[in-house]
Amino acid sequence: MAKTKDYSITKKLTRMNMLVSGAALLMACLSFVIYDLFTFREAIARNLSIQARVAGSNSVTALVFSDPHSAENTLSALKAAPNVISAGIYSLNGQLFASYRRDAQAQLPPTISPDKAGSRVFEDSDVIVTDPIVFQGKPTGIVYIRSDLQMLYIQLRRYASIAACVLAVSLWTALMLSSMFGRSITDPIVHLADVAFIVSRDKNYTVFNGMLGQIEVRDAALQSAQNQLEQRVDERTFQLAAANEELESFSYSVSHDLRAPLRTIDGFSHALLEDCADRLDDTGRTHLNRIRAATQRMGLLIDDLLNLSRLSRTEMHTQSVDISALASAIANGLQEGLPRRGVELRIRNGLRTLGDPGLLRVVLENLLGNAWKFTSTHESALIEFGAAVSNGKAAFFVRDDGAGFDPAYADRLFGAFQRLHSMTEFAGTGIGLATVQRIVRRHGGEIWAESAVGRGATFYFTLGEPVFEGALP
Ligand SMILES: Nc1ncnc2c1ncn2[C@@H]1O[C@H](COP(=O)(O)OP(=O)(O)O)[C@@H](O)[C@H]1O
Ligand SMILES: [Mg+2]
């Protein structure tokens, strides 16, 4: 059984191979033969034209002196070309002047019209050439030669036998190669077919049972690995959430508890300045003022820290927000606070997004507030809010042309207390951008900045999907 199947698959493969290579070879041989025969036929016609020209020029004297005998002599030289059937020299009015025939069966040259001189025609498997005879620049007569195409048929037969030989050798080689390599392909197929046959005939599924068993074992291992992984993720998430909560409440209570002693220091410094002013000299008063300034700054830092830790606790109320209107309101607030500054505010209208309006206000207050602050040393400034594509993402942006910063530190800015400018230059606590980043991340978005020292800064942020409702950048 296996033997016949094996035989039939191998046979089919071999047959297919032979068919494909045979067809390809045949096509190649055919196109080669057709091309070559065409060129050969042209060559025969060209040769005949040359012979006609030679015969013509050798017959000029005979024509001029009306000596047909001499012309016939000239034409008889064509005997040397066995393919020439007949030839003729005609006077200018088309009358046959001298003729040549290969043998008695060959027809005499026909009468031809003088205006046909100079043509080359293939007719009844012959080729006919007529050529004008010119003497001293004037037409004197016409020469006619008719030749058969025997040479062409001989060539065709030669080609046919060469092609047959090439085809036979190639097919034989293909057959050998097929039987050499065919088994390596057919053996596994035959084996598979045997197995399938046994299974269907005997209803014996033991072959598959082994396979199925292995698959089941692997499946079970995979499932248990996945369960373990999920359990570990759950554990880690729980631990992380707990740690986070602990940290938040710790920083909240630390910040909270720090405020009381700080208030005391500030309060007593104030009391000292008020009540004991007459007993203090200038140095003492300066020291006390510095203590108060420092405690007030620390109070600000604690406030910011408290706000930051509160951010993670507040619940988010997501809704559609007109972010352009929000930016305008904040920018106008800044402008009204310090109307004398020459700041142009360019806010793009009609941008909407999904988010928590309260938290988004904090984002824009910080970003626009920074832009306002870091342009304060410039006489005039431009602050923009809009939307653009940056880093391949559609994002909102706040841009200014103020002090800028070294882009090498662009990622650091978003950490708490990270500042790139000194307090004397620009006041601040360094919590703003950390707050902004936390809010943006809670919205599922990202924030990044581009800048160069002295050339302003642009802060881009996305807010998860969808970034924009309505107007797109
Ligand atoms: N628009 C800006 N232009 C230049 N530098 C900026 C800008 N915004 C933020 N920065 C830099 O990032 C630092 C951190 O900003 P932020 O967290 O808002 O703190 P703060 O405003 O209190 O200094 C700033 O101190 C400043 O060095
Ligand atoms: Mg700030």
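## Around ligand 1

In this predicted model, the biggest contribution to the shell around ligand 1 comes from helix α8, which gives 4 residues. Two helices, α8 (357-374) and α9 (432-442), each put at least two residues into that shell. So which residues come nearest to the ligand, out of the 21 around it? They are Arg 419, Leu 420, Gly 428, Gly 432 and Leu 433.

What kinds of residue make up the shell around ligand 1? Sorted by class, there are 9 nonpolar, 10 polar and 2 charged residues.

## Helix α9, mostly tucked away

Let's stay with α9 for a bit. Of its 11 residues, 8 are buried, so the helix is largely enclosed by the rest of the structure. Here is the full set of buried residues: Gly 432, Leu 433, Ala 434, Thr 435, Val 436, Gln 437, Ile 439 and Val 440. Two of these names, Gly 432 and Leu 433, already turned up among the residues that come nearest to ligand 1.

What do the buried residues of α9 pack against? Their partners are the helices α6 and α8 and the strands β11 (447-451) and β12 (457-461). Just after α9 there is a small backbone detail to look for: Gly 444 takes a positive phi of about 80°.

## Helix α6 and its neighbour

Helix α6 runs over residues 282-313, and there is a nice check you can do on its length. With 32 residues and 1.5 Å for each, the helix should span 46 Å; the C-alpha atoms at its ends are 47 Å apart, so the two values agree. Which residues of α6 are buried? Those are Asp 304, Leu 305 and Ser 309.

Now put α6 and α9 together. Their axes come within 10 Å and cross at roughly 5°. An angle under 35 degrees counts as roughly parallel, so α6 is roughly parallel to α9. On the α6 side, the contact is made by Asn 307, Leu 308, Leu 311 and Ser 312, while α9 brings in Ala 434, Thr 435, Arg 438 and Ile 439. By class, the residues of this contact split into 4 nonpolar, 3 polar and 1 charged.

Another residue to find in α6 is Ile 291. Ile 291 has 17 other C-beta atoms within 10 Å, so it is partly exposed. Leaving out residues up to four places away in sequence, Ile 291 touches Ile 265 and Ser 269. Ser 269 is 22 residues away along the chain, yet the C-alpha atoms of Ile 291 and Ser 269 are separated by 7.4 Å.

## Two loop residues with positive phi

Next, have a look at Asn 391 and Phe 417. Asn 391 sits in the loop between β9 (380-390) and β10. Its phi is positive, about 55°, although Asn 391 is not a glycine. Is Asn 391 buried or exposed? It has 10 other C-beta atoms within 10 Å, so Asn 391 is exposed.

Phe 417 belongs to the loop between β10 and α9. Phe 417 isn't a glycine either, and its phi is positive at about 70°. With 11 other C-beta atoms within 10 Å, Phe 417 is exposed.

Strand β10 itself (residues 393-400) holds Ala 395. Why does Ala 395 count as buried? Because it has 24 C-beta neighbours inside 10 Å, and 20 or more are needed for a residue to be buried. The C-alpha atoms of Ala 395 and Arg 352 are separated by 12 Å, with their positions 43 residues apart along the chain.

## Two more places to visit

Helix α1 covers residues 2-58 and includes Asn 17. Asn 17 counts as partly exposed, because it has 18 C-beta neighbours inside 10 Å. Not counting residues up to four places away in sequence, Asn 17 touches Ala 174 and Ser 178. The C-alpha atoms of Asn 17 and Leu 177 are separated by 9.6 Å, although these residues are 160 residues apart along the chain.

Finally, Leu 92 lies in the loop between β1 (84-91) and β2 (96-101). Leu 92 has 16 C-beta neighbours inside 10 Å, so it also counts as partly exposed. What does Leu 92 touch, not counting residues up to four places away in sequence? Its contacts are Pro 114, Pro 139, Thr 140 and Gly 141. Leu 92 and Ser 113 are 21 residues apart in sequence and 9.3 Å apart in space, C-alpha to C-alpha.

Key
Residues numbered from 1 in each chain as written. Chains lettered and ligands numbered in written order. Predicted model: local features only at pLDDT ≥ 70, side-chain atom pairs only at ≥ 80, totals over all residues. Near = placed C-beta within 6 Å. Nonpolar A, V, L, I, M, F, W, Y, C, P; charged D, E, K, R; others polar. Expected span 1.5 Å × (residues − 1). Buried ≥ 20, exposed ≤ 12 C-beta atoms within 10 Å, placed from the backbone. Axes fitted to C-alpha atoms, helices over the stretch in contact; angles between N-to-C directions. Parallel < 35°, antiparallel > 145°, perpendicular 65-115°, else oblique. Contact = placed C-beta atoms within 7 Å.
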